[in-house]
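Colleague: I have not looked at this structure before. Please take me through it and tell me what each label rests on.

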Amino acid sequence: MRKVILWITSHFATLTLNMMMMMLNKYFNYKCYGLLYVALFSVFSLISEGYAQEEPQCDVHYESVTNLIHPKPGSYTIWDSLYGDKSGDAEGQVEFISVLNHKSGGVLALGEEVELNKPYPAIMFVHFDKRGRKVWDKYHNIRGLKNIVKMLPNGDGGYVVLANYKKPDEKGALWLGFFDIKGKLKAQRIIRNEKFNLAASDIIQEADGDGWVVPVAQMRQVGGSVDVVVQKNAAVYLLNSKGYELNRRAYILGSNNEISGISAVKYDDGEYGYIATGDFESPSRKRIGWVLRLRDDLSLVWQKEFGRGLSANLKLASDYNDDYVLVFGDVKSAENGNFGNWLMLLDKINGQTLWQRYYSAKSGHHDYSAKSMYVDDGGLITLMLMASSKIKPAKDAQNGADGSDDEADSVGGFISKVVPEYMDYAQVLTISPRGGLIDGDSYYYGQGVSISQIIEGLDGSRVMAGYSRVFAKLELDEGKAAGSDTVPLKEDGEINLPKVKLSSKAKDGLALLKGQAHGGAVNVHHESDDKMAMKVKKESAKSIKRNGWVAIGNMVENYKDPCAGMAK
């Protein structure tokens, strides 16, 4: 309708101006006619332009490339919460792997606590309320736990956790834990394969049931004792609600292949199935993107390969608007060798590409990695990209934005409020149903962040979970280690410090202090004793560790697709 109005308006304006031109030419002089003509033409142009601006741009471009700029200074969060290790040890590392909306409000984050004196990471649950305050936490030590894969809600109101599992002298296996709403472990199951080492990459609920579907890499060693290589092939396991294996199928393409993600889909005929994504190695040893359509019994309907750049890996899939499926992954550029991200909309019946988008860093200083994706009820697509820096700071990464001591950082963000080029940060993109970039947000904290998962909050906000790199605060300037009553220097000259990985400068400084305690006059770099002692304190107090980080970001408000209902 708007196109018809625009056509009528433009033609009416042309006809009217021509008639007025003849009248003005007859009764007025040329100069007056020219001024009136210009004025009337401007009025009609404004009217036509108004109609043209109201016309939405609903054409879909098959392909586009977007170069993302470095954020300054970043996006605001509704709230964010940092969670350190329970022991307080400077060497303890905490990372959130998965997150869910909690039924009583707030969010439930699942993570790992790693301590160097323990062989296996501990599972930890932390419930945050709607303001980011901890409600409760729960820890579990599972002997043989290797790494957490994902957490999902269970039908009984609790949660199921998938992890990879490996004990000494045993093949790698899968560990499935069942927890109640308070994080108490109720049951656990170990899934093994006598022939292969297993490593899971994802878990989803069964498309038409209460079981679980798990993509798995089946690995075995081939070759002799000297030239042994690990061969990896993709498989999908179907488990019942209690974790017992019901079915499994393997898929062979290329010399090595792997399924990274899987999504349940429903077709127009009412049938259920799955779209799996991953990559395989070609005979030329190039990694190529891989998409498979599976039936509900895991049998293969079709598989397609998607090559781009030097290598491609399609890591995530999501059902989209009944007829389509989104796939999201990484691409290594053939132009500069940097990693970017690749988003495609496919016809889920036959795998045909409808449009594709490519995102990369404009500066070339960061590699992008596809981490997470979801679609809201309005069809907006949210992508989580992790930007990993490829450069090092000019001086010390633990100093400020320009590498100077004057811009020294504290836990909580840089004083300059500008994200340094050497910092890792999270980039969140909002994409329209036609692949257009609507909005972009960037998130960071401390010395850099890594986000494992993003989900839609109960109120439409964005819930992100991962970790932040922060300083382990050791109060060495006060003569005490954090959480300890012992002094750094004993009476006999022995150094008494917590187990912190020190730089070479710090070690030299400690040697200096020890020498002074024994009456020596050691000066490693021929600097004054006071200056060297100050360096020791500063270096020792700047040990960097990982702390779990949960953040809530705003969503694009009141978006209505202007092209909804129009022909695509």
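**What the labels rest on**

Modeller: Begin with a caution: over residues 475–499 the pLDDT stays under 50, and the model has 42 contacts for them beyond four places in sequence. This is a predicted model. The mean pLDDT of the chain is 79, and 70% of its residues reach 70 or more. Residues 48–54 also have a pLDDT below 50, with eight contacts beyond near neighbours in sequence.

Colleague: What does the chain consist of in terms of secondary structure?

Modeller: Four helices and 30 strands. The chain has 568 residues, and 48% of them count as buried. About 28,600 Å² is exposed, of which carbon and sulfur atoms supply 51%. Among contacts with a separation of 6 or more, 54% are between residues 24 or more positions apart.

Colleague: Why is Val214 called buried?

Modeller: Buried means under 20% relative accessible area. Val214 has 0%, so Val214 is buried. This residue lies in strand S13, residues 212–222. Leaving out residues up to four places away in sequence, Val214 touches nine residues by name: Leu162, Leu174, Ala200, Asp202, Ile203, Ala235, Val236, Tyr237 and Leu239. Asp202 is twelve residues from Val214 along the chain, and their C-alpha atoms are separated by 5.9 Å.

Colleague: Why is Arg285 called exposed, and Asn321 partly exposed?

Modeller: Exposed means over 50%, and partly exposed lies between that and the 20% limit for buried. Arg285 has a relative accessible area of 64%, so Arg285 is exposed. Asn321 has 39%, so Asn321 is partly exposed. Arg285 sits in the loop between strand S17 (272–281) and strand S18 (287–295), and Asn321 in the loop between strand S20 (311–320) and strand S21 (324–332).

Colleague: What is the phi of each?

Modeller: For Arg285, phi is near 70°, a positive value in a residue other than glycine. Asn321 is not a glycine either, and its phi is positive at about 50°.

Colleague: How do you know that S8 and S9 pair?

Modeller: Two strands pair if there are at least two bridges between them. Strand S8 (residues 159–165) and strand S9 (residues 173–179) have seven, in the antiparallel sense, so by that definition they pair. One of the partnerships joins Val161 to Gly177 in S9.

Colleague: What makes S7 and S10 edge strands?

Modeller: The open sheet has four strands in the order S7-S8-S9-S10, with antiparallel pairing. Strand S7 (145–153) and strand S10 (185–191) each have a single partner strand, so one side of each lacks a neighbour in the sheet. From one strand to the next, the twist averages 20°.

Colleague: Which residues touch the most other members of the largest nonpolar core?

Modeller: Leu326, Leu343, Tyr359, Ile381, Leu383 and Leu385, in a core of 22 residues. Two or more residues come from each of S21, strand S22 (339–347), strand S23 (353–361), strand S24 (366–375), strand S25 (381–389) and strand S26 (425–431). S25 gives the largest share, four residues. Not counting residues up to four places away in sequence, Leu326 touches residues including Leu343, Trp355, Met373 and Ile381.

Colleague: Is there a general tendency behind such cores, and what is it?

Modeller: In soluble globular proteins, nonpolar side chains tend to be buried together.

Methods:
Residues numbered from 1 in each chain as written. Predicted model: local features only at pLDDT ≥ 70, side-chain atom pairs only at ≥ 80, totals over all residues. Heavy atoms only, no water. Axes fitted to C-alpha atoms, helices over the stretch in contact; angles between N-to-C directions. Buried < 20%, exposed > 50% of the residue type's maximum accessible area, 1.4 Å probe, protein only. Contact = heavy atoms within 4.5 Å. Areas by Shrake-Rupley, 256 points an atom, 1.4 Å probe, with all protein chains shown as cover. Core = buried A, V, L, I, M, F, W, Y, C linked by side-chain atoms within 4.5 Å. pLDDT = per-residue confidence, 0-100.
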